[in-house]
Amino acid sequence: MTTSLTRARTRLSSAVLVAVGLAAGFGVAQGTGIRALGGAVFAAAGVGAAYLWVQRRGWAVALGLGALYVGAFVLAHVLALGAGLPAWLAVSLVTIAAAGVTWVVADRSQGEVSAP
């Protein structure tokens, strides 16, 4: 009798990398006082997410989501410094938005359909 074991395939969510890059990058910069260290977290997560975007959806989508990721970073600064929101709130808002869009565009299975 032959048995077959099926290995579960784990699919890393690029939306999680986006959230980690934005939120953890902010947290590391705030916690250590070293902005460059937070930037390194942001960059590393962005590179990881970009790799997944290219593999899953191609260069056009990867470039668009990359622009969204960097734009969210800039917008968090604009909201905190320009609009006067607390920094943690600004980062939270852009993180939720960017990760949500990323999940819909890059991570959601092709077979999933939206409810009417």
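This passage describes the aromatic pairs of the structure and a nonpolar surface patch that shares a residue with them. The model is predicted, with local features requiring pLDDT of at least 70 and side-chain atom pairs pLDDT 80 or more, while totals for chains, interfaces and linings use all residues. Residues are numbered from 1 along each chain as its sequence is written, and side-chain values use heavy atoms, leaving out hydrogens and water.

Two aromatic pairs are present in the structure (rings of Phe, Tyr and Trp, the last by its six-membered ring, with centres within 6.5 Å; stacked under 30 degrees between planes, edge-to-face over 60, tilted for the rest). Phenylalanine 42 and tyrosine 69 make a stacked pair, at 4.3 Å centre to centre and 5 degrees between the planes. Because phenylalanine 42 belongs to helix H2 (residues 35-57) and tyrosine 69 to helix H3, this pair ties together parts 27 residues apart in sequence; helices are DSSP runs of H or I with at least four residues, numbered from the N terminus. Both of these residues, phenylalanine 42 and tyrosine 69, are buried (under 20% relative accessible area; exposed is over 50% and partly exposed in between, with a 1.4 Å probe and protein chains only).

Phenylalanine 42 also pairs with phenylalanine 73 in a tilted arrangement, 4.7 Å centre to centre with 35 degrees between the planes. Here, too, helix H2 is linked to helix H3, across 31 residues. Phe42, Tyr69 and Phe73 thus make up one aromatic cluster.

Phenylalanine 73, in helix H3 (residues 59-82), is partly exposed at 37% relative accessibility. On the surface, Phe73 joins Val70, Val74, Leu75 and Val78 in a nonpolar patch with about 400 Å² of accessible area together (Shrake-Rupley method, 1.4 Å probe, only the protein chains shown counting as cover). Patch residues have over 30% relative accessible area and no salt bridge, with like charges joined within 9 Å and nonpolar side chains (Val, Leu, Ile, Met, Phe, Trp, Tyr) within 5 Å; a salt bridge is a side-chain nitrogen of Lys or Arg within 4 Å of a carboxyl oxygen of Asp or Glu.

Note on methods
Helices (H or I, at least four residues) and strands (E, at least two) are DSSP runs, numbered from the N terminus.
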